[in-house]
Amino acid sequence: FKYACAYVGAITAHFNFMEDKDKMYKHIKLLNPSLIMFLDILEPNVCEVLNSEEFNNIKKLRLPVSASTPALNDEKFKIALFTLNNKLQNKSVKGAISLGKFVSYGQYYNGPMESVYEDHLPSNIALSSGTTGESKAILLSHDANNALAKQHEIADLGLKRGEKNLALVPPFLAFWDADIIGMAMSLGLENILEMDLSYESVPKYLAKHKPNYGIWSQYLWDSVLYDKNKDEYIGNLKKVVIGGERPDINQVNRFKSETGITQEAGFGASEMDSCFSVAHPNCNMIGSSGLPLPFNNVMIKDRSFNDLSYNEPGRIWVTGPAMMNCYYNNPQMTDSVIYTDKNGVKWYNTKDFGFVHDTGSLFVLDRDQKPLEINSKEVNLILIAEKIKELPCVKLCKLNHKDDKIVCHVSFDDLCNKTQEECTSELLNYLDNVFTAEERPAYLVIYPSLPRTPLGKVDYQTLDNLANNIDCEVIELEKNNIKVLHK
């Protein structure tokens, strides 16, 4: 359907109805479309947005529930009840026409309809707010989607025709178009789509479908370790891929010891049509984001835009055939992240911090952060966090700051056979003995698990809000000038 739309000059965009109402409104206003298509099942906030007076001139096409997936799964009964409930509550979009009427109108249209389809023309817009909360409309082309499918085919990732791919559909729908649909179709995989992306749902889906392949965050994969019925489906899994965050090596080792499977990782961005690098079968660098897909390239630059060599961490820039055209209707934002070199090659600044190992494997350490200056010395919070994570009892660690005071957010490994008090004491001694006065955190915030977004990623916004208001928190312990609190 996407390609048919492009034939008559349309651009398809996708909205995540789980996102807040204001964000959805801003996305539609940014795009200013001529036509909006939506499913019969709508949440109230979606109806409210689509019925906004400002969007009265936009044509609206109502699609049946069956258009959402090739075949309705076991959720059919729930969907039917949901649809009935909508009708009983009179939730509807004003002025919308049905798919049947839309097709009928098209049959009687005799006006001009020039063919505008070309590979490089836009295919779809991926709407994202990233970690900044600012709406971005990422314009992707047919060339990009086709290139990504071909890259997966050439890379030979160890997947075989007819095997099952379980796709837990996230809101960043570039991933849906390219990696879930395009990649699976090009490799001949049986593609299973499930819409509920949550910690509780992952083991249920694995038991239900018994897939051979899946990709989501390490946090969601860890739900398998606590599932008493995991032996029913573990034998079917061939590739367990981590996406959306950097894998923690301790967790990788624990997953392997309990399941016999080595977790692999990848790195992607909607701006690169979702996937840039992945752990090929010949890449055994645990903790890395794998090797760039064929025809992709990466360069590491310092803050003065000088080239860095292997194993030297810095800002990550990437290029490849699946790169976006631009941010739709926002040339200023596009120019801020795209660099064209002397050979005419366009590079995208991912705003991540990492390095390339001398084997060619990419390590993405964290989001790029400007180093702090404390007592006239530069302090790199990302490298400090990496050092803290070397302590076996630490599961995850993120650092931010309030002025020149470093705030350390940690969660402990619940399988390390130590009490939280023992882990806290061990970490405090480690901070005191290993780091200089400038590097040592002023605050230590201990969580059962770091806060997460609905996708399972670490919620940086929540961590930043806490750091900005750290002076209002109740301090439970102070040792070696480090204030400790629990969340």
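**Exercises: a sheet and its core**

Strand E23 (residues 405-412) runs parallel to strand E24 (residues 443-447), and five bridges join the two. The model is predicted.

**Exercise 1.** Place the E23–E24 pair in its sheet, and find which strands stand at the edges.

*Solution.*
- Step 1. Take one residue pair: Val410 stands opposite Ile446 in E24.
- Step 2. Widen the view. The open sheet has five strands, in the order E22-E23-E24-E26-E25, with mixed pairing.
- Step 3. Look at the ends of that order. E22 (394-402) and E25 (477-479) each have a single partner strand, so one side of each lacks a neighbour in the sheet.
- Step 4. Add the twist. From one strand to the next, it averages 25°.

**Exercise 2.** Find which strands helix H14 touches and what angle its direction makes with that of E22.

*Solution.*
- Step 1. H14 (residues 460-468) packs on the sheet, touching E22, E23 and E24.
- Step 2. Its direction makes about 50° with that of E22.

**Exercise 3.** Trace the largest nonpolar core: how many residues does it have, and which element gives the most?

*Solution.*
- Step 1. The core has 27 residues. Ile388, Leu399, Leu427 and Leu444 have the most contacts inside it.
- Step 2. List the elements that each supply at least two residues: strand E20 (372-374), helix H12 (381-388), E22, E23, helix H13 (420-434), E24 and strand E26 (482-486).
- Step 3. H13 gives the most, with five residues.
- Step 4. Zoom in on Leu399. Among the residues it touches are Leu381, Ile384, Ile388, Ile406 and Val407.
- Step 5. Keep the second core apart. This separate set of 20 residues includes Ile138, Phe267, Ile316 and Met324.

Conventions. Residues are numbered from 1 along each chain as its sequence is written. This is a predicted model: local features need pLDDT of at least 70, side-chain atom pairs count only at pLDDT 80 or more; totals for chains, interfaces and linings use all residues. Side-chain values use heavy atoms; hydrogens and water are left out. Two strands pair if DSSP finds at least two bridges between them. Helices (H or I, at least four residues) and strands (E, at least two) are DSSP runs, numbered from the N terminus. Axes are lines fitted to C-alpha atoms, for helices over the stretch in contact, and angles run from 0 to 180 degrees between N-to-C directions. Contact means heavy atoms within 4.5 Å. A nonpolar core is a set of buried Ala, Val, Leu, Ile, Met, Phe, Trp, Tyr and Cys residues joined through side-chain atoms within 4.5 Å. Buried means under 20% relative accessible area, exposed over 50%, partly exposed in between (1.4 Å probe, protein chains only). Lists of a residue's contacts leave out its neighbours within four places in sequence.
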